[in-house]
Amino acid sequence: MTTQLHDVENWVKDRIKQDEITKYLVDGKDFIPDTEIEGKLVANRSPEKARVRDALAKSLAIETLTPDETAMLLHVEDPVLLAEMKDTALRVKKKVYDNRIVTFAPLYMGNYCVNNCLYCGFRKDNHEAKRNVLTMEEIRKEIEVLAGKIGHKRLIAVYGEHPETGIDYIVESLKTIYDVKVNTKYGIGNIRRVNVNAAPLSIEELKLLRVSGIGTYQVFQETYHHDTYGRIHPKGTIKANYQWRLYCMHRALEAGIDDVGIGALFGLYDWKFEVMGLVYHAWELETKLGIGPHTVSFPRLEPAFNSPLSVESPYRISDEILKRIILVIRLAIPYTGMIITARENAEMRREAISFGVTQTDASTKIGIGSYSDENPDQAENKQQFMLGDTRSLDEVIREFSEKHSITSFCTAGYRCGRTGECIMELLRSGKEGKFCKLNAVLTFQEWLDDFASDETKLRAQSVLQKEIEEIREQMPAIFPQFMECYERIKKGERDLYF
Ligand code: SAM
Ligand code: SF4
């Protein structure tokens with residue numbers, strides 16, 4: 001690390017721009033009314049069947065549920081109603097996303113951090129953590145493996161909050177990632193979409209991120225509960241400022257990044273409250289800025305090295321509760337993409353994908369620099385937490401194919417301007433699905449030719465054939481043009497999309 005201690009302290013002092021919080025407050029208050037949320041959770045404790053069914057009809061029409069409707073669904077215990085909820089969730093997912101699953105890989109860029117979140121292994125007081133930041137050369141090596149050997153097209157780049165990995169580093173690292181092109185068996189492999197998970201940024205910084213070609217800007221609120229948030233993010237740190245974090249998506253949208261991802265870290269406070277927080281956040285973005293979250297994440301608190309809260313929190317959730325959370329989010333914010341990661345084990349991921357989740361990672365490594373390391377040290381003090389599913393992308397895709405799902409490597413949406421309000425409308429109306437269907441087949445074929453094992457190729461054939469048949473039936477006008485692209489892909493051309 002080259003930054004001196006006093007430079008770090010000065011950097012921290014200047015981070016929060018109070019005017020970029022104040023301007024969004026209404027009567028000095030933010031949009032998470034804790035008492036109102038608690039009240040709605042109590043008032044909707046015994047939901048009537050008819051009201052639950054009305055809410056499900058709204059979900060099926062891809063309308064966002066109100067906080068009261070969400071609170072009601074959070075309390076359903078009747079097994080018949082629960083089965084109806086699950087069935088509706090499945091239909092909602094099918095209507096918006098059909099049988100497509102998007103895959104990506106996380107890339108941890110650095111673990112220096114000025115914050116002290118009590119649940120995270122990267123917190124500054126964890127003096128036993130091994131710290132590192134990838135150099136541009138090291139990033140190139142990671143991408144050569146991710147894009148050249150595994151075949152990923154999408155990344156989520158994860159950054160600690162520190163001057164070593166400030167906005168200049170983020171911008172430079174995105175450029176480096178996009179620049180790497182690797183020869184593959186039949187074509188060229190490259191990363192085509194980089195989503196970013198980084199601490200809240202100012203509007204000026206977010207404008208720089210927009211022009212550097214970011215996909216989704218993702219920040220998790222961790223907990224929406226004000227008091228809990230204050231307790232677990234020690235005073236004097238940047239992260240202690242709840243509202244600086246809460247309004248980062250407002251700033252992103254104002255800066256022209258119209259593709260944003262929200263999330264809560266489940267296990268820090270009451271799970272029902274957190275789901276309500278996510279729904280209030282989605283409503284706020286939809287109604288005030290015209291664009292809801294493109295993705296919602298619901299990571300669960302995992303044991304992190306030297307971070308006692310990560311194991312001691314009384315609010316840690318069971319597998320059953322996690323499934324309920326996924327179910328209610330799918331119904332309450334029906335248009336949104338939902339992400340489950342390799343933190344969860346294979347069985348949980350399988351089930352989550354069956355009724356709600358649309359994106360997942362594979363071949364995942366979360367040690368810094370560990371994709372290109374032949375013998376990666378997965379020691380607990382080198383990574384944020386331990387993974388639950390370490391299967392390769394090839395294995396995961398084979399399983400999806402067996403379940404008749406197609407893995408989409410499509411990254412066309414944001415490159416063709418299908419983001420923000422435009423994508424919201426396309427998702428709600430089901431029209432985005434048409435582009436996605438075409439691009440899913442093209443990109444899947446690309447990946448199969450370049451990276452798949454023989455066994456996976458074999459399993460994928462029936463899914464591909466079925467998709468091509470459906471395109472022929474459902475989009476006869478575009479079918480000849482599509483087939484021409486498909487043949488060109490098979491001959492080794494790459495990155496063709498609609
Ligand atoms: N430093 C940035 C921030 O906090 O926004 C981004 C990087 S941070 C590593 C990404 C996310 O990791 C956090 O938003 C948090 O939800 C999650 N995280 C931290 N500790 C965790 C733990 N023990 N288990 C699971 N997720 C954790
Ligand atoms: Fe730093 Fe983010 Fe970890 Fe908090 S969650 S300690 S901000 S890396």
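Begin by selecting the lining of the largest pocket, which draws at least three residues from each of domain 1 (5-28 + 97-429) and domain 3 (432-490), the domain bounds coming from an automatic or database domain assignment. This is a predicted model, in which local features need pLDDT of at least 70 and side-chain atom pairs count only at pLDDT 80 or more, while totals for chains, interfaces and linings use all residues. Residues are numbered from 1 along each chain as its sequence is written, chains are lettered from A and ligands numbered from 1 in the order in which they are written, and side-chain values use heavy atoms, with hydrogens and water left out.

A pocket here is an open set of points on a 1 Å grid over the protein atoms alone, where a 1.4 Å probe fits and protein lies on both sides within 12 Å along at least five of seven lines; its lining residues have an atom within 4 Å of a point. The largest pocket has 27 lining residues, and to find its centre you can select Lys 94, Tyr 97, Asp 98, Asn 99 and Arg 100, which lie nearest to that centre. Its volume, the space filled by probe spheres set on grid points joined across faces, edges and corners, is about 500 Å³.

Next, colour α6 (79-97), a helix (a DSSP run of H or I, at least four residues, numbered from the N terminus). This helix gives the most to the lining of the largest pocket, with six residues. By class, that lining has seven nonpolar, seven polar and 13 charged residues, where Ala, Val, Leu, Ile, Met, Phe, Trp, Tyr, Cys and Pro count as nonpolar, Asp, Glu, Lys and Arg as charged, and the others, Gly among them, as polar.

Now move to ligand 1, where 20 residues stand around the ligand (a heavy atom within 4 Å), and the nearest are Tyr 119, Glu 222, Lys 239, Arg 245 and Glu 302. Look for polar contacts, which are pairs of N or O atoms within 3.5 Å: a polar side-chain atom of Arg 245 is 2.7 Å from an oxygen atom of ligand 1, and a polar backbone atom of Glu 302 lies 2.9 Å from a nitrogen atom of ligand 1. The shell around ligand 1 holds ten nonpolar, four polar and six charged residues.

Finally, select ligand 2, around which you will find Cys 113, Asn 115, Cys 117, Cys 120, Phe 122, Arg 123 and Lys 239. Four residues of this shell are nonpolar, one is polar and two are charged.

Terms used
A polar contact is a pair of N or O atoms within 3.5 Å; within protein, one must be able to donate a hydrogen and the other to accept it, and residues adjacent in sequence count only if both atoms are side-chain atoms. Helices (H or I, at least four residues) and strands (E, at least two) are DSSP runs, numbered from the N terminus.
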